[in-house]
Amino acid sequence: MHRVSKIFAGAIVPTLLAAGCSDFLSGDKLEKNPTLPSTATVDQLLVGVATAQAVEQEGALARIATMWAQQFAGTDRQYIAIDQYDVTEDDITGEFNAAYAGGGLIDLREIQAATTGPYRGIARVWEALIIGTHASVWGDIPYSEAVSDVTDPALDDQAEVYARVQAVLDSAIADLQATGDAPTPSADLIYAGNTTKWLQAAHTLKARYYLHWTDPQVPAALATTACGGNCAQKALAATANGISASANNFTFTHDAQAGQENVWYQFMFVQRDSYIRAGKFLVDLLTARNDPRLTQWFEPGDTNIVIGAEPAEPQKAYHAVLNQSSRGSRTFDQPIITAAENTLLRAEAQYRTGDEAGALLTLNAYRTSIGMGNIVAAGPALLKAILEELYLAYFQNIEAWTVYRRSCYPNLTPSSGASEVGARLLYGVDERNANSNVPLPSEQPTRNDFDPPTTNAPDGSACIGQ
């Protein structure tokens, strides 16, 4: 981080190229700088954060996460290897750096130092999303000493990072309700300065991160560190103030101008059109449920039937692709934090605090909203049903992988030749070369603390892939 920050500090707009995959966003507002100012305004920095993090949340990390969660399959060239959990420290270095470099923590700390009230609160919500995502993927990460004069920042324990992220969200909530600075609406590419929507997103993030630590397999001491105790009860309380309607969803907005399209569209239909196809597990699940989202999300290959690919199965003409009229559209606004997530996190929190009747009511209300019928379930079967809906609500989202890692839902069979589903990514090579605290790849853990191997899946069956 220290050396990375020396390279990127003060950049008005980040260069958004993910390692090896050419994810990017561009456009006049992001690239043209006719006056060449030596420092950026806070509005310019905020635009840079949103554009950089759109690539981080929609790009390679999301593709890897959703392939390993078997929503998609890698079907060509290096993506076949990636779908067999072969990701090197070189492959992912740009994604690791993105949390800190231009459009990441460096710029956010500049915004926070220069603003008060709602503006600072918005920057803090961004920090929580970025660092929370980073800690969920990499576990122990530089944070307390990151973006500082410390040459070799320490790797903070994952649970301690989560605790700090919760504190940042608490500060964000206080800021958003205080008087002070506000961004120019056009500079806030998510909510145009609407503090009510930012507040709701902050509460849903709190619930998300509390529930990362609620599985009984997680050691109690770690859960206490991450949440301050009572993770599920705190998650339940947070959802009461979370995103209340889809109109308040945290989404990245895209348009049809070249370079500004949805990142999934850019990768799947412009840059690497054979690399990813629909995953067989997800397609079969949607088919078995008679779920209307099957054809909303995917369109058939050379048949009239949506058929998914097995993990790492070479691409076939009949494999389904993203539907270019919906989730695969160049102008699709990619959801990152949503009302659907908040509702289902509430159902899970109700279940984990012993309110099964409330959990079932919440779950069935959600199912009605998506055109599915009510179910009757209790005990482990109810938890499985909640996690199933959450896994589907996280379609194309990094969190789909997190649901699997922390709960063994879905109970996935690993890619052919592997004994376990991939559970953690290596630190980026740039960070290891710059920071003596980062161990060699062979010395890094294969799992993170919040997702120890799970003996049984939620329905009581043996967990296959952990």
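This passage describes the confidence, core, helix packing and selected residues of one predicted model.

The model is predicted. Its chain averages a pLDDT of 92, and 92% of the residues score at least 70. Residues 1–22 have a pLDDT below 50. Beyond near neighbours in sequence, this stretch makes 57 contacts in the model. Residues 24–36 also stay under 50. For residues 24–36 the model has 30 contacts beyond four places in sequence. Where pLDDT is low, the predicted coordinates should not be read in detail.

The largest nonpolar core holds 122 residues. Those with the most contacts inside this core are Trp-126, Trp-213, Phe-250, Phe-298 and Leu-425. Helix 8, spanning residues 117–138, supplies the largest share of the core, with 12 residues. The surroundings of Leu-425 were examined further. With residues up to four places away in sequence set aside, Leu-425 touches Leu-61, Ile-64 and Trp-68. Leu-425 also touches Val-87 and Ile-92. Its remaining partners are Val-137, Trp-138 and Trp-401.

Gln-57 belongs to helix 3, which covers residues 42–58. The relative accessibility of Gln-57 is 4%, so this residue counts as buried. Its contacts, not counting residues up to four places away in sequence, include Ala-62, Leu-129 and Thr-133. Phe-252, Ile-336 and Ile-398 complete the list for Gln-57.

One helix pair was analysed for its geometry. Helix 4 (residues 60–68) packs against helix 13 (residues 263–271) at an angle of about 75°. Their axes lie 10 Å apart. Angles from 65 to 115 degrees count as roughly perpendicular, so helix 4 is roughly perpendicular to helix 13. Helix 4 contributes Ala-62, Arg-63 and Thr-66 to the contact. Helix 13 contributes Val-263, Trp-264 and Phe-267. The residues of this contact divide into four nonpolar, one polar and one charged.

Thr-66 of helix 4 was followed in more detail. Its relative accessible area is 0%, and Thr-66 is therefore buried. Thr-66 and Ile-398 are 332 residues apart in sequence. In space, their C-alpha atoms are 6.5 Å apart. Ile-398 is also one of the residues that Gln-57 touches. With residues up to four places away in sequence left out, Thr-66 touches Gln-71, Phe-72, Trp-264, Gln-396 and Asn-397. Trp-264 is one of the helix 13 residues in the contact with helix 4.

Tyr-210 sits in helix 10, which runs over residues 195–211. At 8% relative accessibility, Tyr-210 counts as buried, because the cut-off for that class is under 20%. Apart from neighbours within four places in sequence, Tyr-210 is in contact with Gln-166, Cys-227 and Cys-231. Lys-234 and Ala-235 are also partners of Tyr-210. Asp-140 is 70 residues from Tyr-210 in sequence. The C-alpha atoms of Tyr-210 and Asp-140 are 17 Å apart in space.

Backbone geometry was considered next. Most residues other than glycine have a negative phi, and most peptide bonds are trans. A cis peptide bond joins Tyr-409 and Pro-410, with an omega of about -5°. Pro-410 is placed in the loop between helix 19 (399–407) and helix 20 (429–434).

Positive phi values occur at Val-147 and Ala-312. For Val-147, which is not a glycine, phi is about 50°. Val-147 occupies the loop between helix 8 and helix 9 (158–176). The relative accessibility of Val-147 is 24%, so this residue counts as partly exposed. For Ala-312, phi is near 65°. Ala-312 is in the loop between strand 4 (298–299) and strand 5 (321–322). With 11% relative accessibility, Ala-312 counts as buried.

The loop between strand 4 and strand 5 also contains Ala-317. Ala-317 and Thr-303 are 14 residues apart along the chain. Their C-alpha atoms are separated by 8.5 Å. Once neighbours within four places in sequence are left aside, Ala-317 is in contact with Gly-301 and Asp-302.

Note on methods:
Residues numbered from 1 in each chain as written. Predicted model: local features only at pLDDT ≥ 70, side-chain atom pairs only at ≥ 80, totals over all residues. Heavy atoms only, no water. Core = buried A, V, L, I, M, F, W, Y, C linked by side-chain atoms within 4.5 Å. Buried < 20%, exposed > 50% of the residue type's maximum accessible area, 1.4 Å probe, protein only. Helix = DSSP H or I, 4+ residues; strand = E, 2+ residues; numbered from the N terminus. Contact = heavy atoms within 4.5 Å. pLDDT = per-residue confidence, 0-100. Axes fitted to C-alpha atoms, helices over the stretch in contact; angles between N-to-C directions. Parallel < 35°, antiparallel > 145°, perpendicular 65-115°, else oblique. Nonpolar A, V, L, I, M, F, W, Y, C, P; charged D, E, K, R; others polar.
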